[in-house]
Amino acid sequence: MISASQLQGTTAGGTLNIAASAVNDLLRLSRSEAGLSVDFEPQNQARIRYGVFHARITLPRTIDFRTQSRITVTLASTVIAWSLKAMLTQPFLSVAGRDVTVDLDAVPALQPFREWLRGFTAIEVATSKTTLAVVFTFQVPE
Amino acid sequence: MREWMEAQLAAGLPALAGTSITGTVAVKQELLNDLLKDYLSATPAASPALPIDARSLLRYVTHAAIRAEHGRVLVDFQVTV
């Protein structure tokens, strides 16, 4: 695999528009996440469905991976946050209050991409009923 | 998954409609030479098969230009879906 250091000086930026239907297609096709679906709503709101489990979350508006590759979403319900905290066994997921943080550096599937994640210096996230829009700036420092 | 990707490509990538990305890939000459060496030494059977036909993605490249500077090649690109 090509390392980031081999592409020093690389830059990219733009808007990645991801259809909500595509997110659910990919979740459905993922063996490990079977039964999981998400409905996006305006104002960075989303509803997660997993079997009988439903939860409303707020997605972050900005993300910066320069110092740590983490994404934090906020659950609307404290009760669900407590329940989730008791159930979670994955070391890359943590719950504090209503905030659920995914430590991307600790996700096994993302290990090969750790140094690439650091290149995302600015990410803005916005949702609508049909789309997850991600505006990003990527740079591999010289 | 492969079928889903192929269907997406056949339909014009509706999953990423409205996507627009511009950038510059800076490739050091050492990497280019390594890639060239690997390509020339690989047998057809040993070449990794891409999950999709990469050529079908080229239609979304709306701009590309190559520049060279000391020790590296710069590839400017724009991708629009």
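1. Let me start in the middle of a sheet: A:Ile123 stands opposite A:Phe136, which belongs to S10(A). The strands concerned, S9(A) and S10(A) (residues 131-139), are antiparallel and share seven bridges. For pairing, DSSP has to find at least two bridges between two strands. Strands here are DSSP runs of E with at least two residues, helices are runs of H or I with at least four, and numbering goes from the N terminus.

2. A word on the model before going on. It is a predicted one, in which local features need pLDDT of at least 70 and side-chain atom pairs count only at pLDDT 80 or more, while totals for chains, interfaces and linings use all residues. Residues are numbered from 1 along each chain as its sequence is written, and chains are lettered from A and ligands numbered from 1 in the order in which they are written.

3. Now the whole sheet, which crosses between the chains. It is open, has seven strands with antiparallel pairing, and follows the order S5(A)-S9(A)-S10(A)-S1(A)-S1(B)-S3(B)-S2(B). At its edges are S5(A) (62-63) and S2(B) (61-69), each pairing on one side only.

4. The join between the chains is worth a look on your screen. S1(A) and S1(B) (residues 20-28) run antiparallel and are linked by five bridges. One of the partners to find is B:Thr24 in S1(B), which bridges to A:Thr11.

5. A helix from each chain packs on this sheet. H1(A) touches S1 and S10 of chain A, and its direction makes about 85° with that of S1(A). H2(B) (residues 29-41) touches S1 and S3 (72-80) of chain B, with about 85° between its direction and that of S1(B). The axes are lines fitted to C-alpha atoms, for helices over the stretch in contact, and the angles run from 0 to 180 degrees between N-to-C directions.

6. How many residues does each chain give to the contact? Chain A gives 18 and chain B gives 18, where two residues are in contact if their C-beta atoms, placed from the backbone, lie within 7 Å. On the chain A side, the elements with two or more residues are S1 (11-19) and H1 (20-29). S1(A) gives the most, with nine residues.

7. By class, that side of chain A holds eight nonpolar, nine polar and one charged residues. Nonpolar covers Ala, Val, Leu, Ile, Met, Phe, Trp, Tyr, Cys and Pro; charged covers Asp, Glu, Lys and Arg; the others, Gly among them, are polar.

8. A:Ala126 is a friendly place to zoom in. This residue lies in S9(A) (residues 120-127). Is A:Ala126 buried or partly exposed? A:Ala126 is partly exposed because 17 other C-beta atoms lie within 10 Å; 20 or more would make a residue buried and 12 or fewer exposed, with C-beta atoms placed from the backbone. Apart from neighbours within four places in sequence, A:Ala126 contacts A:Asn44 and A:Ala133. Its C-alpha atom is 9.0 Å from that of A:Gln45, 81 residues away along the chain.

9. Elsewhere in chain A, S7 (residues 93-96) and S8 (residues 99-103) pair antiparallel over four bridges, with A:Val95 opposite A:Val100. They form a hairpin with two residues between them, and A:Gly97 in the turn has a positive phi of about 65°.

10. Finally, chain A overall. It has three helices and ten strands, and buried residues are 9% of its 142 residues. Its C-alpha atoms fill a box of roughly 50 × 30 × 30 Å along the principal axes.
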